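Hello,

Here is the structure I promised to pass on. Please open it alongside this note.

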Amino acid sequence: MGLQWELAKKYLHYYFTAGNRHDVHSPFVFDLIEKVLRDKRKPAVYREIEQMRKSLLASTETLQVTDLGAGSLTNAGNERKVSDITRHAAKPAKFGQLFYRLIQYFQPEYLLELGTSMGMSTSYMAKAAPGATVHTIEGCPNIAARAGRNFESLHLRNIKQHTGNFDTVLPSLLKELPRLDYVYIDGNHRSAPTLAYFEQCLEKVHDDSLFIFDDIHWTPDMESAWHTIQQHPRVTLTIDLFFIGLVFFKPEMKVKQHFVLKY
């Protein structure tokens with residue numbers, strides 16, 4: 001319980017100290033809050049994806065799992081229930097829906113996700129940009145196959161799945177992509193690999209790229225990776241939403257800005 005208790009304490013601190021739109025003087029960030037973070041609309045696509053989540057949570061199916069990441073707080077043996085994987089590995093609906101709105105807002109063409117899991121976030125990403133391609137990497141073949149069935153049931157044709165260890169799959173995939181507009185890193189919750197993936201992806205970054213890091217406060221190790229990313233010379237703006245962190249590379253922002261915002 002130690003880790004979860006620490007996380008709960010950190011979250012309470014975040015909840016009572018995080019800023020809102022009145023604390024922001026950057027027009028770019030203010031617009032992002034108004035038009036994306038605070039957008040309460042519920043397009044039909046949300047219901048469609050959440051319906052799938054509901055059926056996965058009710059599923060009695062089990063999968064043989066090869067875990068190549070740092071595991072999860074609730075990881076057990078090699079055989080795991082689809083319902084448990086969905087419950088513990090999938091981001092809550094409000095984050096998938098935030099990804100959807102971010103993608104609609106920024107209109108990226110080349111999207112990359114490290115860590116497909118059951119494909120909940122992937123589905124939100126793909127639905128938000130039907131004309132773009134979402135490349136997603138999953139370490140476990142059985143989980144990747146199950147996610148593939150989920151994509152089929154949602155009639156998603158713009159997802160390209162890659163299966164295997166990130167360390168081998170990512171470098172070859174990056175060679176194929178002209179640039180990275182949107183990257184969601186949610187695969188290995190340890191500092192060293194997270195920073196290695198960040199550095200590799202930087203080769204394809206441009207002024208309007210958006211990187212999103214999952215579970216930035218999960219452990220002191222992940223917090224240290226987040227602080228290292230914030231200090232990187234290419235990074236000009238970060239937004240900490242506690243469970244995820246947004247990273248921007250806009251050169252017009254001459255002074256680094258870091259915001260902690262309530263979401």
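Below is what turned up on cavities and cores.

First, a caution: this is a predicted model.

Cavities. The count comes to 2 cavities of 30 Å³ or more. The largest has a volume of about 60 Å³. Its lining includes Ala89, Ala90 and Lys91. Glu113, Gly115, Thr116, Ser117, Gly119, Met120 and Ser121 also line the largest cavity. Tyr184 and Asp186 complete that lining. By type, the lining residues of the largest cavity are 4 nonpolar, 5 polar and 3 charged.

The second largest cavity holds about 40 Å³ of space. Ile185, Asp186, Gly187, Asn188 and His189 line it, along with Thr194, Phe213, Asp214 and Met222. Here the split is 3 nonpolar, 4 polar and 2 charged. Look at Asp186: it is in the lining of the largest cavity and in that of the second largest.

Cores. In soluble globular proteins, nonpolar side chains tend to be buried together. The largest nonpolar core in this model has 60 residues. Which residues have the most contacts inside it? They are Tyr182, Ile239 and Leu246.

Take Ile239. Leaving out residues up to four places away in sequence, Ile239 touches Val29, Leu32 and Trp226, among others. Its other partners are Ile244, Gly245, Leu246, Phe248, Phe259 and Leu261. So Leu246 is both a partner of Ile239 and one of the residues with the most contacts in the core.

A second, separate core has 25 residues. Among them are Phe166, Leu173, Leu180 and Phe198.

Best wishes

Conventions
Residues numbered from 1 in each chain as written. Predicted model: local features only at pLDDT ≥ 70, side-chain atom pairs only at ≥ 80, totals over all residues. Heavy atoms only, no water. 1 Å grid on protein atoms, 1.4 Å probe; cavity = no way out; pocket = protein on both sides within 12 Å on 5 of 7 lines; lining within 4 Å. Points joined across faces, edges and corners; volume = space filled by probe spheres on them. Nonpolar A, V, L, I, M, F, W, Y, C, P; charged D, E, K, R; others polar. Core = buried A, V, L, I, M, F, W, Y, C linked by side-chain atoms within 4.5 Å. Buried < 20%, exposed > 50% of the residue type's maximum accessible area, 1.4 Å probe, protein only. Contact = heavy atoms within 4.5 Å.
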